Amino acid sequence: MRYYVLDRGDQLSLELAESFHKLAADQGLIRDADSPDIVVSIGGDGTMLHAFHSFMDRIASTAFVGVHTGHLGFYADWKADEIPELVQMMAGDPEDSHLKPRIVQYPLVDLEIVKQSGVLKHVCLNEFTLKSVDGTVVLQVDINDHMFEMFRGDGICVSTPSGSTAYNKSLGGAMIHPSIEAFQISEIASINNRVFRTMGSSLVLPNHHHCDIYSRKEQNLLLTVDHVNLRVSDLISVRCKVAEQKISFVRYRPFPFWTRVRNAFLD
Ligand code: NAP
């Protein structure tokens with residue numbers, strides 16, 4: 001079993017990473033930054049976003065597990081004091097039915113960003129947002145190659161099911177169970193009056209649909225993929241769809257989505 005640890009960089013996460021390495025060495029796990037079987041994220045859900053983007057090119061052969069240094073997160077199901085147990089589980093015989101982990105896969109959103117200066121491809125774990133740097137954005141939204149609406153306002157958020165509990169939730173979007181292969185388009189402060197009109201509701205699209213967002217004026221835009229910000233002044237369009245790849249999480253014990261939702265927002 002080869003593993004890699006990515007930590008948030010704060011004192012506690014660094015100390016936990018060190019203790020993880022010591023325990024892992026005792027159990028015969030191999031530290032490998034290039035081709036790990038499991039990437040362990042120590043920090044928060046934000047740290048998992050970093051881990052995902054660092055290993056995106058190995059997504060088909062890498063599984064992720066998260067250790068949360070605060071409260072339990074959406075991507076981090078182990079607490080700091082449970083690291084010895086986690087290492088033991090990782091070192092256990094995968095054929096032993098008690099230790100055999102379950103691999104849970106979540107959908108991602110695929111982006112094709114077309115600029116006058118070239119095409120960029122990105123994949124998001126949480127969401128992608130398109131916002132103006134200076135003033136109202138004007139964006140045309142097409143669904144499956146048909147004009148749907150002309151959007152004026154602060155911006156648009158396109159989220160994955162697992163990202164639906166993050167920025168999307170703050171925008172009033174629905175929470176979507178990550179077993180559903182879909183993506184969600186939510187508005188960020190749309191202008192709605194007698195002249196300008198948008199749907200106003202979040203839209204949930206299935207995995208055989210796509211959406212194109214066209215920049216409809218000369219505008220400086222801030223395009224954010226999870227935690228990564230890109231400034232774009234020559235955007236033509238962004239095509240969004242459910243990605244062919246999925247992220248895999250390794251589960252050594254149950255971590256039900258609706259329990260996470262309840263714990264995060266109600267308890
Ligand atoms: P951050 O601003 O430091 O943290 C944003 C918060 O979102 C953190 O509390 C983080 O949890 C939480 N979070 C991340 N993914 C989540 C998920 N899937 N479900 C529920 N909560 C989640 O930024 P960051 O740590 O770099 O994370 C980037 C994310 O921040 C973006 O992907 C976006 O979803 C979110 N964001 C939200 C808003 C908003 O709600 N108005 C605005 C901008 C960005 P941890 O503390 O466990 O890391």
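These exercises, each with a worked solution, walk through a predicted model.

**Exercise 1. Compare the span of helix α1 with the span expected for it.**

Solution. Start with the extent of the helix. α1 covers residues 11–26, which is 16 residues. Next, take the distance from its first C-alpha to its last. That distance is 23 Å. At 1.5 Å a residue, 22 Å is expected. The two values are close.

**Exercise 2. Which residues of α1 are buried, and where do they sit around the axis?**

Solution. First, list the buried residues of α1. They are Ser13, Leu16, Ala17, Phe20, His21 and Ala24. Now look at their directions from the axis. They cover an arc of only 145°, so they lie on the same side of α1. Then turn to the other side of the helix. Gln11, Lys22, Ala25 and Asp26 are exposed there. Finally, find the partners of the buried residues. These residues pack against strands β1 (2–7), β2 (30–31) and β3 (38–43), and against α3 (83–91).

**Exercise 3. How many disulfides does the model have?**

Solution. Use the cut-off: two cysteine sulfur atoms must lie within 2.5 Å. Take Cys124. Its closest cysteine sulfur is in Cys240, 7.6 Å away, so the distance is too far for a bond. Take Cys240 next. The closest cysteine sulfur to Cys240 is in Cys211, at 4.5 Å, again too far for a bond. The count is zero disulfides. Accessibility adds to the picture of both residues. Cys124 is buried, at 0% relative accessibility. Cys240 is buried too, with a relative accessible area of 0%.

**Exercise 4. Describe the surroundings of the ligand.**

Solution. Begin with the residues around the ligand. There are 16, and Asp45, Gly46, Glu127, Thr165 and Ser170 come nearest. Continue with polar atoms. A polar side-chain atom of Glu127 is 2.5 Å from a ligand oxygen atom. In Asn126, a side-chain N or O atom is 2.9 Å from a nitrogen atom of the ligand. Ser162 contributes a backbone N or O atom, 3.1 Å from a ligand nitrogen atom.

**Exercise 5. Find residues with a positive phi, and place each one.**

Solution. Recall the background: most residues other than glycine have a negative phi. Gly28 comes just after α1 and has a positive phi of about 80°. Asn144 is not a glycine, yet its phi is positive, about 50°. Asn144 sits in the loop between β9 (137–143) and β10 (146–159). Its relative accessible area is 23%, so Asn144 is partly exposed. Ala189 is another residue other than glycine with a positive phi, near 50°. Ala189 belongs to strand β11 (residues 182–190).

**Exercise 6. Are Asp110 and Val250 buried or exposed, and what do they touch?**

Solution. Place Asp110 first. Asp110 is in strand β6 (residues 102–115). The cut-off for buried is under 20% relative accessible area. Asp110 has 17% relative accessibility, so this residue counts as buried. Set aside residues up to four places away in sequence. Asp110 then touches His122, Val123, Arg239, Cys240, Lys241, Val242 and Ala243.

Now place Val250. Val250 is in strand β16 (residues 235–251). At 3% relative accessibility, Val250 is buried. Leave out neighbours within four places in sequence once more. The contacts of Val250 are Ile38, Ala63, Phe64, Val65, Pro101, Arg102 and Ile103. End with a distance. Asn263 is 13 residues from Val250 along the chain, and their C-alpha atoms are 21 Å apart.

How values were computed. Residues are numbered from 1 along each chain as its sequence is written. This is a predicted model: local features need pLDDT of at least 70, side-chain atom pairs count only at pLDDT 80 or more; totals for chains, interfaces and linings use all residues. Side-chain values use heavy atoms; hydrogens and water are left out. Helices (H or I, at least four residues) and strands (E, at least two) are DSSP runs, numbered from the N terminus. The expected span of a helix is 1.5 Å times one less than its number of residues. Buried means under 20% relative accessible area, exposed over 50%, partly exposed in between (1.4 Å probe, protein chains only). The arc is that of the directions from the helix axis to the C-beta atoms. Contact means heavy atoms within 4.5 Å. A residue is near a molecule or strand if one of its heavy atoms lies within 4 Å of it. A polar contact is a pair of N or O atoms within 3.5 Å; within protein, one must be able to donate a hydrogen and the other to accept it, and residues adjacent in sequence count only if both atoms are side-chain atoms.
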